[in-house]
Amino acid sequence: MKSLTLRYVIAILGLSFIGLGYAGAINQSKTNQYPTGFYLGVQLGASETHYGLSGFENTNTNNQVLNGTVDGSGFGQRGLIGYRFTKNWAAEAGYTHYSTTSGDALTYSDGTNGVSGNIKEQSFDLYVKGILPLAQEVDLYAKLGAAYLSSKTSTSAGFSKSRSGTKPAFAGGATYNVDNNFAVDVSYNRIQGSGRLKSADLFAVGFYYYFV
């Protein structure tokens, strides 16, 4: 529930930024150039990982989790550096830290109960970014790339396991270019996991600075 609430707040704030920016673009007599060159940014918002009870299974002994509660939603953040070559194309690299997934009151198939644990997940990504300008101030974009996704599971019963792998990544959003140096956006970002390395989502508002 807290993830959904935060997600709606982020979406409303982001759409407000874009809507105000688009209205300003239509009525503004002065037009800015599209920002190009190197940029730095940060994206802040609601993250969600998709681990269930099986995420806390002791794979060393095949000791399965029979019941308990798992929460993989909370605050996440991504830092990034990019280069916009033209008004339509950019490349971007970033690091994302997702909210820690918590497990409580876990009961295992060997009879162990009352176990707690956490799963910490992060990713390093590289994207190609396609941009569709709607006006000098407003862009839509989509990103496609790959990410090195890693997670570490730890429990109070003494089990610890690290996993990592390269996974597909994609994202989409809308940007309001405040001027040639500053921009804000709203976006959805996903690393597509598989097997025991689960997917991770980030719904975020971003803030950018262009070195022009």
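Strands are DSSP runs of E with at least two residues, numbered from the N terminus. In this predicted model, β9 gives the most to the lining of the second largest cavity, with three residues.

The count of cavities of 30 Å³ or more comes to two. Their volumes and the make-up of their linings are set out below.

| Cavity | Volume | Nonpolar lining residues | Polar lining residues | Charged lining residues |
|---|---|---|---|---|
| Largest cavity | about 80 Å³ | five | two | three |
| Second largest cavity | about 50 Å³ | five | two | three |

**Largest cavity**

The lining of the largest cavity consists of Arg-84, Lys-129, Ile-131, Asp-139, Tyr-141, Thr-175, Asn-177, Ala-183, Tyr-208 and Tyr-210. Two or more residues of this lining come from each of β6 (115-133), β7 (138-155), β8 (160-177) and β10 (200-210). The charged members of the lining number three and the polar ones two, with five nonpolar residues beside them.

**Second largest cavity**

Around the second largest cavity, the lining is formed by Arg-78, Thr-96, Tyr-98, Asp-125, Tyr-127, Asn-189, Arg-190, Ile-191, Ala-200 and Leu-202. Here β6, β9 (182-191) and β10 are the elements that supply two or more residues. Five residues of this lining are nonpolar, three are charged and two are polar.

Notes
Residues are numbered from 1 along each chain as its sequence is written. This is a predicted model: local features need pLDDT of at least 70, side-chain atom pairs count only at pLDDT 80 or more; totals for chains, interfaces and linings use all residues. Side-chain values use heavy atoms; hydrogens and water are left out. On a 1 Å grid over the protein atoms alone, a cavity is a set of points where a 1.4 Å probe fits but cannot get out, and a pocket is an open set with protein on both sides within 12 Å along at least five of seven lines; lining residues have an atom within 4 Å of a point. Grid points are joined across faces, edges and corners, and a volume is the space filled by probe spheres set on the points. Helices (H or I, at least four residues) and strands (E, at least two) are DSSP runs, numbered from the N terminus. Ala, Val, Leu, Ile, Met, Phe, Trp, Tyr, Cys and Pro count as nonpolar, Asp, Glu, Lys and Arg as charged, and the others, Gly among them, as polar.
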